[in-house]
Amino acid sequence: MLSKFFVYIDLILGRIIFSSLLPFSYCLINKKIDKKINKKLKTSNYSTILQKKGFFIFNKKYEKFADNLNLIIKKQIFENNIKVKDVFYYEINDEIKLLIRDFLNKEAKDLFEEIYNIFGLNIFITNIILRRTVNINSSKEIYNNFFHFDKHTKNHMKIFFNLHDMNKDNGPTKIIPKLLSKRLLKNNFFNRRGNYVPKENEVNDIYKNKEKKGSFIVCNTTECLHAASIPKNNNFRDILTITTIATPMINSNNIFFLDNKENEEYFWNGDSSL
């Protein structure tokens with residue numbers, strides 16, 4: 001009973017003192033991380049953008065990897081005659097795992113080096129999700145289609161990889177910059193998960209992922225309200241989402257260090273939301 005009381009106080013103090021949905025203890029950790037990142041602002045352009053907006057678009061595109069992955073996943077849809085009603089999680093089989101590992105370790109190595117430069121800590125992947133979303137009834141949350149915060153400390157990052165060109169019709173990810181997200185949190189009620197549907201007159205600065213195939217969007221989802229848009233009828237969104245953590249607790253340069261038998265169910269297509 002007492003432990004529940006302290007958890008409640010931790011959450012309330014986070015809201016009152018830091019205008020955050022994160023517990024007070026998490027916010028203190030984030031303050032320390034901020035100090036570490038701020039030291040990098042002069043040397044890393046991505047650090048500056050991340051601290052200002054809470055997300056950035058990586059300046060390289062990887063169309064070839066997207067094409068190779070698309071060739072494999074399309075077979076799962078067509079050969080099995082799958083009709084997606086709302087969301088479909090592709091089977092991440094050994095062929096796909098090998099392709100993703102090889103790509104992230106080699107071609108996309110520059111991205112992880114940039115994230116390392118931001119934190120000054122080793123970066124590890126904790127979760128990889130590969131899924132398709134289609135049109136749904138927007139009054140229900142089916143696949144993170146309501147604005148929300150993720151319940152992590154800010155050394156966690158979400159990386160969205162576009163498997164095709166994105167536009168307003170196929171359900172682009174929406175991100176509200178972190179300062180505006182904080183202001184909205186002060187002025188509105190959010191439930192514990194942080195679900196929120198902004199009024200049109202409240203928000204005029206929503207970023208929508210309309211980037212090209214092969215693009216990476218890196219987001220601090222603990223500070224930015226974000227949501228999956230709903231594709232219009234007869235449209236869909238295929239996307240690869242990668243969650244990472246920067247930590248001094250693991251002494252390894254292997255970004256796939258946490259991909260082991262103990263974490264296998266969570267690592268590949270496990271639930272990355274809290």
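How many helices and strands make up the secondary structure of the protein? The answer is eight helices and nine strands. Keep in mind while looking around that this is a predicted model.

**The overall picture**

The protein has 274 residues, and 53% of them count as buried. Take the contacts between residues at least 6 apart in sequence: 82% of these join residues at least 24 apart.

**Helix α4**

A good place to start is α4, which covers residues 63-78. With 16 residues at 1.5 Å a residue, α4 should span 22 Å, and its end C-alpha atoms are indeed 22 Å apart, so the two values agree. Several residues of α4 are buried, namely F65, A66, L69, N70, I72, I73, Q76 and I77. And what do the buried residues of α4 pack against? Their partners are one helix stretch, α5 (94-105), plus the strands β2 (87-89), β3 (123-134), β4 (156-162) and β9 (236-246).

**Three residues to look up**

Here are three residues with their accessibility, set side by side.

| Residue | Place | Relative accessible area |
|---|---|---|
| N30 | helix α2 | 7%, buried |
| E91 | loop between β2 and α5 | 54%, exposed |
| N234 | loop between β8 and β9 | 82%, exposed |

N30 counts as buried because its relative accessible area of 7% is under 20%. Leaving out residues up to four places away in sequence, N30 touches L22, T153 and K154. K154 is a nice one to find on screen: it is 124 residues from N30 along the chain, yet the two C-alpha atoms are separated by 5.9 Å.

E91 is another story, since its 54% is over the 50% cut-off for exposed. Setting aside neighbours within four places in sequence, E91 is in contact with Q76 and I96. Q76 is one of the buried residues of α4. There is also a long jump along the chain here: E91 and W268 are 177 residues apart in sequence, while their C-alpha atoms are separated by 9.1 Å.

N234 has a quirk in its backbone. Its phi is positive, about 65 degrees, although N234 is not a glycine. You'll find N234 in the loop between β8 (226-228) and β9.

**The second largest pocket**

Now for a pocket. The second largest pocket has a volume of about 390 Å³. It is lined by 17 residues, and the closest to its centre are F18, S19, S20, K182 and E223. Which helix gives the largest share of the lining of this pocket? That is α7, with five residues. Both α2 (24-38) and α7 (178-187) supply at least two residues of the lining. Sorted by class, the lining of this pocket holds seven nonpolar, five polar and five charged residues.

**Cysteines**

How many disulfides does a search of the whole structure find? Zero. Take C224, for instance: the nearest cysteine sulfur belongs to C219 and is 4.4 Å away, and C224 is in no disulfide. That fits the cut-off, because a disulfide needs the two sulfur atoms within 2.5 Å. C224 is buried, with a relative accessible area of 0%. C27 is buried too, with a relative accessible area of 4%.

Terms used:
Residues are numbered from 1 along each chain as its sequence is written. This is a predicted model: local features need pLDDT of at least 70, side-chain atom pairs count only at pLDDT 80 or more; totals for chains, interfaces and linings use all residues. Side-chain values use heavy atoms; hydrogens and water are left out. Buried means under 20% relative accessible area, exposed over 50%, partly exposed in between (1.4 Å probe, protein chains only). Helices (H or I, at least four residues) and strands (E, at least two) are DSSP runs, numbered from the N terminus. The expected span of a helix is 1.5 Å times one less than its number of residues. Contact means heavy atoms within 4.5 Å. On a 1 Å grid over the protein atoms alone, a cavity is a set of points where a 1.4 Å probe fits but cannot get out, and a pocket is an open set with protein on both sides within 12 Å along at least five of seven lines; lining residues have an atom within 4 Å of a point. Grid points are joined across faces, edges and corners, and a volume is the space filled by probe spheres set on the points. Ala, Val, Leu, Ile, Met, Phe, Trp, Tyr, Cys and Pro count as nonpolar, Asp, Glu, Lys and Arg as charged, and the others, Gly among them, as polar.
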